[in-house]
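I opened this notebook to record a few things I wanted to look up in the coordinates. The entries follow the order in which I went through them.

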Amino acid sequence: MNDFVYYTPTKVVFGKNSEQQLGALVKEFGGHKVLLHYGGGSARKSGLLERIEKTLKAEGIAYVELGGVVPNPRLSLVREGIELCKKEGVDFLLAVGGGSVIDSCKAIGYGVYGGGDVWDFYDFKRVPQGCLPIGAVLTIAAAGSEMSDSSVITNDEKENWEKRGCNNNHCRVKFAVMNPELTMTLPAYQTACGCADILMHTMERYFNHGDNMELTDGIAEALMRTVLHNAKILVKKPDDYDARAEVMWAGSLSHNGLTGCGTDGGDWSTHKLEHEIGAMFDIAHGAGLTAIWGSWARYVCDARLERFVKFAVNVMGVEPQTDAKQTAIKGIEAMENFYREIGMPTSLSELGITPTDAQIEAMADQCVASTRDNLGKVRHLAKEDMITIYQAAK
């Protein structure tokens, strides 16, 4: 096993009606004037924003609002949020939504605290030295941003959009309010995308090329099995509270570092390859991951065959075959069958996009640039490898 530091400072308030505690939580963490940051109109139509505003008023906490966050959150809205916070004297950010809203809040927090061009933090030109404090009210179980050090933003100001991540402990959320009931009105597609993202955050860490801890592997495998089981329940019973709760908690644990303790950090190729698909075609992140994963897995599995066999047997329930490679392939196929069962694509054409050869090469070039030609732990991927995987996924 590798040495590691495990750091999870986020206070989690989990359960029914937990959003009623928001005013007291903001006050506990020193907030006096809040930016309420959210996505579309559903937060208002559902009455959630009104309930949140009521709790803030009860504690004498002022607030301003900025909606409009979309999947693959935009740099242009981040800049708007930074200017609004400066103008209004905001000292606390409250994200109401899923990973996109939380990531947008993190970028705003970096920008207000650090000054200058906030994109510098995502373009490797500066390292954040601080961030405005953030709280989150989770309405989508997916990205795990409520307990991670990660933020991913799409630069929509460039002709060829760029999707980049910034990982830094300063952006870790102070508290996360998680009421599974708030996810019950999600469309089936968004629920499935979320389950796919949760699985991939665990799989990216699970598929590594170093020593591993038996305990960490066991936690990761149990988490994946839990999501596989409950995602199928939610296809048929979207209002099942227990299934929603299992998936919501799995989302947080999948991306707070727990399933990577003692490893080399994991592979992350699927995520980085998908970022370029998302930047070019503006598709849902979870769906992009499922569309590319099988092609990546088949391309690299020989380099870590025993790991893919373990995944096939312990997570996907595959009976061991005489030939190890056959067991590994059956595990990959079982995961793709699961994706199809919950309505997720397993190819780019199923995703609804048909990238040209020129577009594929452009995505590979961007991926090389964003990873500084250092992608992959199971197997290092050069530009030519990326092109082969993208082509195989068509």
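Does F124 count as buried, partly exposed or exposed, and at what relative accessibility? I find that F124 counts as partly exposed, because its relative accessibility is 36%. I keep in mind throughout that this is a predicted model.

**Backbone entry.** I looked up F124 for its backbone as well, and its phi is near 65 degrees, a positive value in a residue other than glycine. I located F124 in the loop between helix 6 (119–122) and strand 5 (134–138). I then turned to N17, where phi is near 60 degrees, again a positive value in a residue that is not glycine. N17 sits in the loop between strand 1 and helix 1 (22–28), and N17 counts as partly exposed because its relative accessibility is 40%.

**Sheet entry.** I traced an open sheet of six strands, whose order I noted as 1-8-5-4-2-3 and whose pairing is parallel. Strand 1 and strand 3 (62–66) are the edge strands, each of them pairing on one side only. From one strand to the next, I read an average twist of 20 degrees. Looking into one pairing, I found that strand 2 (residues 33–38) and strand 3 run in the parallel sense and are joined over five bridges, and that L36 stands opposite E65 in strand 3.

**Salt-bridge entry.** Side chains of opposite charge can pair when their charged atoms come close. I noted 26 salt bridges in the structure, and I followed R79 through two of its pairings. The side chain of R79 meets that of D117 in a salt bridge, at 2.9 Å from N to O. This pair links distant parts of the chain, since R79 belongs to helix 4 (residues 75–88) and D117 to the loop between helix 5 (99–114) and helix 6, the two being 38 residues apart. R79 also forms a salt bridge with E157, where the closest N and O atoms are 2.8 Å apart. Here too the pair links distant parts of the chain, with E157 in the loop between strand 6 (150–155) and strand 7 (162–167), 78 residues apart from R79. I checked the exposure of the three partners: R79 is partly exposed at a relative accessible area of 26%, D117 is partly exposed at 31%, and E157 counts as partly exposed at 44% relative accessibility.

I also looked up K125 and D123, whose side chains meet in a salt bridge at 3.5 Å, N to O. K125 counts as exposed because its relative accessibility is 59%, whereas D123, with a relative accessible area of 22%, is partly exposed. Elsewhere, salt bridges that share partners join K158, E162, R164 and E276 into one network.

**Cysteine entry.** How many disulfides did I find? The count comes to zero. C166 is in no disulfide, and the nearest cysteine sulfur, that of C171, is 6.9 Å away; since the cut-off for a disulfide is 2.5 Å, I left C166 unpaired. C166 is buried, with a relative accessible area of 4%. C367 is likewise in no disulfide, its nearest cysteine sulfur being that of C166, 18 Å away, and C367 is buried with a relative accessible area of 0%.

**Surface entry.** I ended with M1, F4 and Y6, which form a nonpolar patch on the surface with about 310 Å² of accessible area together. Y6 is found in the segment before strand 1 (11–14), and Y6 counts as partly exposed because its relative accessibility is 37%.

How values were computed: Residues numbered from 1 in each chain as written. Predicted model: local features only at pLDDT ≥ 70, side-chain atom pairs only at ≥ 80, totals over all residues. Heavy atoms only, no water. Patch = residues over 30% accessible without salt bridge, like charges linked within 9 Å, V, L, I, M, F, W, Y side chains within 5 Å. Areas by Shrake-Rupley, 256 points an atom, 1.4 Å probe, with all protein chains shown as cover. Salt bridge = Lys/Arg side-chain N within 4 Å of Asp/Glu carboxyl O. Helix = DSSP H or I, 4+ residues; strand = E, 2+ residues; numbered from the N terminus. Buried < 20%, exposed > 50% of the residue type's maximum accessible area, 1.4 Å probe, protein only. Pairing = 2+ DSSP bridges. Axes fitted to C-alpha atoms, helices over the stretch in contact; angles between N-to-C directions.
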